[in-house]
Amino acid sequence: ATPTALMVGTGRGAQLGILLRGPEVLEQTRQVDTIVLDKTGTVTTGVMQVSGVHAVDATGAADDATTSRVLAAAAAVEAASEHPIATAIVQAAQDLPVGSVSGFRSTEGVGVTGIVDGATVRVGSPREFADSLPAALRTAVDAAHERGATAVIVTIDTADGSGVPSAQGVIVVGDELKPTSAEAISELKRMGLTPVLLTGDNPGAARHVAAQVGIEMVIAQVRPDEKVAAVVELQQQGHTVAMVGDGINDAAALAQADLGLSMGTGTDVAIAAADLTIVDGDLRKVIDAIRLSRRTLATIK
Ligand code: ADP
Ligand code: MG
């Protein structure tokens, strides 16, 4: 490949809203046969909304006051997070008195925790938090997952040493497909690439999205290190793997992939880890990038 042709290709990419880390990225792009896609913010809009809150107090009773207390406590902790789930919860609690958080900690792909009004509040994945959920909340989680929604668990632990949360709840959130995702994925398949959906979200939500856009292979409920392992496994099977993602939780997998693509609408950490950035977050630009690389490299020998 002549440097001039690659430079021209790189400039053409920029005009299309595709930013390449360097001209050599065009060569990597051409080789790809498998495309791993993050779900939230990549295939879907990543603009989540709360669709339900279920809560019980220490005695197992449910009432509006407990529901509000759980939502407000969750929002206090999530105010310190930039995750799409956090944004949705903060928005849903905007009319409630939300306290401030201290000792905030975030674990990518798991959830967040902090101290609000003297109580330890945790918000996160059912996979990590649901060890001892009351039946009513378990049912709410299962129902959400069956509908293809995302459920997070909230626990408010008081410091009385009883080990019984003073209140706990389930917050159900969801977002929509990006309008161009289905078209982009069917075209990628026509071009001979195999799409794989890779998400930290629950298998129900993952399968729901996969079915709507025509993805057959789904890897769900994985933490960031397991996203990396999934990419490695595909590579060990002999595939040349592109990974598209937007979150902090995708950064390591983007770096591991033969070609890392980030959404310009996503986090700085993902953009920094990627070889190529799609400025407007439209998945159809992945197709433009592959076509550009094929064209650029076909004209030079
Ligand atoms: P995805 O791969 O869909 O972008 P993540 O890896 O960011 O998902 O998150 C996986 C799961 O971890 C979420 O579905 C949620 O259960 C939990 N989680 C991550 N961050 C948060 C947060 N800030 N608040 C609550 N739950 C979270
Ligand atoms: Mg994401």
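**Exercise 1. Work out whether the radius of gyration of the protein agrees with that of a compact globule of 301 residues.**

Solution. A compact globule with 301 residues would have a radius of gyration near 19 Å, and the protein has 21 Å, which agrees. The coordinates behind this value belong to a predicted model, and every value below is likewise computed. As a next step, take the extent along the principal axes, where the C-alpha trace spans about 75 × 35 × 30 Å. Then turn to the interior: of the 301 residues of the protein, 50% count as buried. Finally, consider the contacts between residues at least 6 apart in sequence, of which 62% join residues at least 24 apart.

**Exercise 2. Describe how the protein is divided into domains, and find which elements of domain 1 give two or more residues to the side that touches domain 2.**

Solution. Begin with the inventory, which holds 13 helices and 13 strands. The chain is divided into domain 1, made of residues 3-46 + 176-298, and domain 2, made of residues 49-174. Between the C-alpha centres of domain 1 and domain 2 there is a distance of 32 Å. Where the two domains meet, 14 residues from domain 1 and 11 residues from domain 2 take part in the contact. On the side of domain 1 that touches domain 2, the elements that give two or more residues are α3 (39-43) and α9 (203-213), and α9 gives the most, with 3 residues. Sorted by chemical character, the residues on this side of domain 1 comprise 3 nonpolar, 9 polar and 2 charged.

**Exercise 3. Determine how many residues surround ligand 1 and which of them are the closest.**

Solution. The shell around ligand 1 has 22 residues, and the closest are Thr40, His83, Gly109, Ser125 and Gly200. The elements that give two or more residues to this shell are α3, α5 (84-92), β5 (111-116), β6 (119-124) and β7 (150-157). To see how the shell relates to the division into domains, note that at least three of its residues come from each of domain 1 and domain 2. By chemical character, the shell divides into 6 nonpolar, 12 polar and 4 charged residues.

**Exercise 4. Follow β7 through its strand pairings and decide whether it is largely enclosed or not.**

Solution. First take the pairing with β6, which runs antiparallel to β7 and is joined to it by 5 bridges. Within this pairing, Val121 has Ile156 of β7 as its bridge partner. Next take strand β8 (residues 167-174), which pairs with β7 in the antiparallel sense over 7 bridges; here the bridge partner of Ile156 is Ala167. Ile156 thus appears in both pairings, with Val121 and with Ala167. The last step is the count of buried residues: 7 of the 8 residues of β7 are buried, so this strand is largely enclosed by the rest of the structure.

**Exercise 5. List the buried residues of α5 and name elements that cover them.**

Solution. The buried residues to note in α5 are Pro84, Ile85, Ala86, Ala88, Ile89 and Ala92. A general rule helps in reading such a list: an α-helix has 3.6 residues a turn, so residues three or four places apart point the same way. The cover over the buried residues of α5 includes α3, β3 (49-57), α4 (64-78), β7 and β8.

**Exercise 6. For the loop residues Asp117, Gln221 and Ala257, decide whether each is buried or partly exposed.**

Solution. A residue is buried if 20 or more other C-beta atoms lie within 10 Å of its own, and exposed if 12 or fewer do, with partly exposed in between.

- Asp117 lies in the loop between β5 and β6, and because it has 14 C-beta neighbours inside 10 Å it counts as partly exposed. Although Asp117 is not a glycine, its phi is positive, at about 50 degrees.
- Gln221 lies in the loop between β10 (217-219) and α10 (224-236), and its 18 C-beta neighbours inside 10 Å make it partly exposed. Gln221 also has a positive phi, of about 55 degrees, without being a glycine.
- Ala257, in the loop between α11 (251-256) and β12 (259-263), is buried, with 30 other C-beta atoms within 10 Å. Leaving aside neighbours within four places in sequence, Ala257 is in contact with Val36, Val231, Val241, Ala242 and Met243. From Ala257 to Met243, 14 residues apart in sequence, the C-alpha to C-alpha distance is 5.9 Å.

Notes
Residues are numbered from 1 along each chain as its sequence is written. Chains are lettered from A and ligands numbered from 1 in the order in which they are written. This is a predicted model: local features need pLDDT of at least 70, side-chain atom pairs count only at pLDDT 80 or more; totals for chains, interfaces and linings use all residues. Domain bounds come from an automatic or database domain assignment. Two residues are in contact if their C-beta atoms, placed from the backbone, lie within 7 Å. Helices (H or I, at least four residues) and strands (E, at least two) are DSSP runs, numbered from the N terminus. Ala, Val, Leu, Ile, Met, Phe, Trp, Tyr, Cys and Pro count as nonpolar, Asp, Glu, Lys and Arg as charged, and the others, Gly among them, as polar. A residue is near a molecule or strand if its C-beta atom, placed from the backbone, lies within 6 Å of it. The radius of gyration is taken over C-alpha atoms; the globule rule is 2.2 Å times the number of residues to the power 0.38. Two strands pair if DSSP finds at least two bridges between them.
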